[in-house]
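Let's take a walk through this model together. Please have the sequence and the 3D view open side by side as you read.

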There are 2 protein chains.
Amino acid sequence: MAEARITSQDVARLAGVSQSAVSRVFTPGASASKATIAKVQKAAEHLGYRPNALARAMITGKSRIIGLVVAYLDNQFYPVALERISNALQASGYHVLVFMASNTQDGIEPVVQELMGYQVDGIITASVGMSNDLTDRCAAAGIPVVMFNRGQDGSGHSAVTSANVEGGRKVAEFLIAGGHRHIAHIAGWSGSSTGRDRQRGFEEGLAAHSQAPVAVIDGLYDRQVAAQATRDVMALTPRPDAIFVGNDHMAFAVLDTLRSMGISVPGEVSVVGYDDVPLAAYGAYELTTVRQPLNRMVEATVETLLAKIEDPGRPVQKIEIDGPLILRGSARIPQGWTT
Amino acid sequence: MAEARITSQDVARLAGVSQSAVSRVFTPGASASKATIAKVQKAAEHLGYRPNALARAMITGKSRIIGLVVAYLDNQFYPVALERISNALQASGYHVLVFMASNTQDGIEPVVQELMGYQVDGIITASVGMSNDLTDRCAAAGIPVVMFNRGQDGSGHSAVTSANVEGGRKVAEFLIAGGHRHIAHIAGWSGSSTGRDRQRGFEEGLAAHSQAPVAVIDGLYDRQVAAQATRDVMALTPRPDAIFVGNDHMAFAVLDTLRSMGISVPGEVSVVGYDDVPLAAYGAYELTTVRQPLNRMVEATVETLLAKIEDPGRPVQKIEIDGPLILRGSARIPQGWTT
DNA sequence: CTGAAAGCGCTTACAG
DNA sequence: CTGAAAGCGCTTACAG
């Protein structure tokens, strides 16, 4: 087995040049003569040499590793985001080191420790409840952080979200234009900025028409909780004729529950979600929902992070990207609106 | 900003001990007096010191990084697996560095290069078509590899899969016991071992009852292709009364398509999938499917890999884990079988 | 138990 | 353009 690690020394010896020459050939901006380059490349190929990225990281102080902190991947939005983020970063010569923050028994502390130990160049947090702590700690250590799909209010951290307030408002306009008059809201989680923003926009939108939700229940981004909330709101009198759900993941549970109750959608009640994950377009759900423009959110996240890594002095950025309402079969479509 | 990296030197200075002493305090098996430990820990905490994992990796030759190579995350099975794998590895002090192999324009070569550059201690491949190349190359370089949910036939690599042949056979038994007589198969991809094995077990199971599939079409693990295949097989005469689909991801497309054609499930046709991803249990699908025992597969994968890392001489292991058929509403249930 | 020293595999001024 | 040398932050024999 080719067990022994091949080093630049080995290549240098075979090529008949100095170790520094080998290094230069593998360093983008460095200078080397054509002859040297040829000799080194030949020797390197013969030996199967690859520069040790860890050793390089030690010298340059750049690991080209980005820590990605996620809590769970049930909600289809996050795996797809992870795939896109990883691809975008890979294209820029970075790689993603995954940190699962789900087992939050010991809090976020061990994650912070490990993140720093690996000398990550930057951090992206996604779907983490208590990211406050983490982001503060890392920023204090001088590691750039961008929050993906979460915009901690007062915090001095960069964040990329979709235009959640605006999105909530769009849903309100849509449902009112559709003639709904008893609208319930199964919200996300009041501890999350996205959840709060969607709710706020939604309530403001209703208020503009002198309406208010007939009920607001936090679904905690959980299927079980959302299912129970559905039963609860449908027991109200008068019964709601529309439900706006804080994200698609919960909206699927709402639709499943309504189906099991024998309530027709959108005949008796319209349902609108938020995210537009792939599943929303599947025939079994046909969910009307506000699209989070994933590709543009990912682009903005990666750009913001890499810019901050290159120039740490760069100010904090809060980027909001607008997304359209996608009309499908789960909600009554107002006259004149086109699918 | 606390910009400057804090090193063991800084801690040593503050604690009034040597740099080696600091190192020993942070090295599990090393010896240090209570007094030294106390002084060092105090100083380290004060400074916010964390050993540089990269420097440690250079000395020890162990990066404690595992490369995870995945192709796409649409199929819900993989994100969930990724989450579990990452968690299990994290619990053992390892972390996952993600390599997306989707943009296969330049082939797998760049991925191999990067994998080796980062000195990963081991590699897990999941859902990669052309993993042959990659696994061979890495194994040749002395890096342990475990293939997750894929068992390249002749290859000398460790692999963990569910018992796919057996699973296919179970489906055949089940459908025959349910009285189906015109059974079609929308297979996975004949280039994948899982696809081939499921198909083989299925056909053997039918053959044991002197039957054969009325049609076999590769769905390529793709929704569009599976949808078209559904239309094709349902146009046959006589029309199939059951369809076994190579994985759940495609089975959802099959169910969506049947619904859009107005064909009742399981009244007119039974549908069975493979994987038992979370979505299979959602009310909208209620998919009867063979469960891949994810937790046990992940455990076996991580165990096998870590064992091989600790003892490179260990022989290649092929582990197959049996999974049950999960009975739900998408298929007619034979008399006497219990849900 | 503890410190001085070598060395992991590189990059990068520094002279030539 | 090129080589010798220093040094990134650590671990680990080696003497004490």
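What follows moves from the domains of one chain to the contact between chains, then to the DNA and a pair of helices.

Keep in mind from the start that this is a predicted model. A good place to begin is chain A, which is divided into three parts: domain 1 covers 1-48, domain 2 covers 62-162 + 294-321, and domain 3 covers 164-293. If you look from domain 1 of chain A to domain 3 of chain A, their C-alpha centres lie 61 Å apart.

Now bring chain B into view. The contact between the chains takes 48 residues from chain A and 48 residues from chain B. On the chain A side, α4, α5 (77-91), β2 (95-100), α6 (109-117) and α11 (248-260) each supply at least two residues. The largest share of that side, seven residues, comes from α5(A). By class, the side of chain A that touches chain B has 27 nonpolar, 14 polar and seven charged residues.

Next, turn to the DNA, starting with strand C. Around DNA strand C there are 27 residues, and the closest are Ser8(A) and Ser23(A) from one chain with Ser18(B), Ser31(B) and Ser33(B) from the other. Helices α2 (19-25) and α4 (53-60) of chain A, along with α2 (19-25), α3 (34-47) and α4 (53-60) of chain B, each give at least two residues to the surface near this strand. Here α4(A) makes the largest share, with five residues. The surface near DNA strand C is made up of eleven nonpolar, 13 polar and three charged residues.

What about DNA strand D? Of the 27 residues around DNA strand D, the nearest are Ser18(A), Ser31(A), Ser33(A), Ser8(B) and Ser23(B). At least two residues each come from α2, α3 (34-47) and α4 of chain A and from α2 and α4 of chain B. For the surface near DNA strand D, the largest share is five residues, from α4(B). Its residues divide into eleven nonpolar, 13 polar and three charged.

Finally, let's look at a helix pair within chain B. The axes of α10 (residues 223-234) and α11 (residues 248-260) of chain B come within 8 Å and cross at roughly 45 degrees, which means that α10(B) is oblique to α11(B). Their crossing is right-handed. From α10(B), Arg223(B), Ala226(B), Ala227(B), Thr230(B) and Arg231(B) meet Met250(B), Ala253(B), Val254(B), Thr257(B) and Leu258(B) of α11(B). The residues of this helix contact comprise six nonpolar, two polar and two charged.

Technical notes
Residues numbered from 1 in each chain as written. Chains lettered and ligands numbered in written order. Predicted model: local features only at pLDDT ≥ 70, side-chain atom pairs only at ≥ 80, totals over all residues. Axes fitted to C-alpha atoms, helices over the stretch in contact; angles between N-to-C directions. Helix = DSSP H or I, 4+ residues; strand = E, 2+ residues; numbered from the N terminus. Parallel < 35°, antiparallel > 145°, perpendicular 65-115°, else oblique. Left-handed = near helix turned anticlockwise from the far one by under 90°. Contact = placed C-beta atoms within 7 Å. Nonpolar A, V, L, I, M, F, W, Y, C, P; charged D, E, K, R; others polar. Near = placed C-beta within 6 Å. Domains from an automatic or database assignment.
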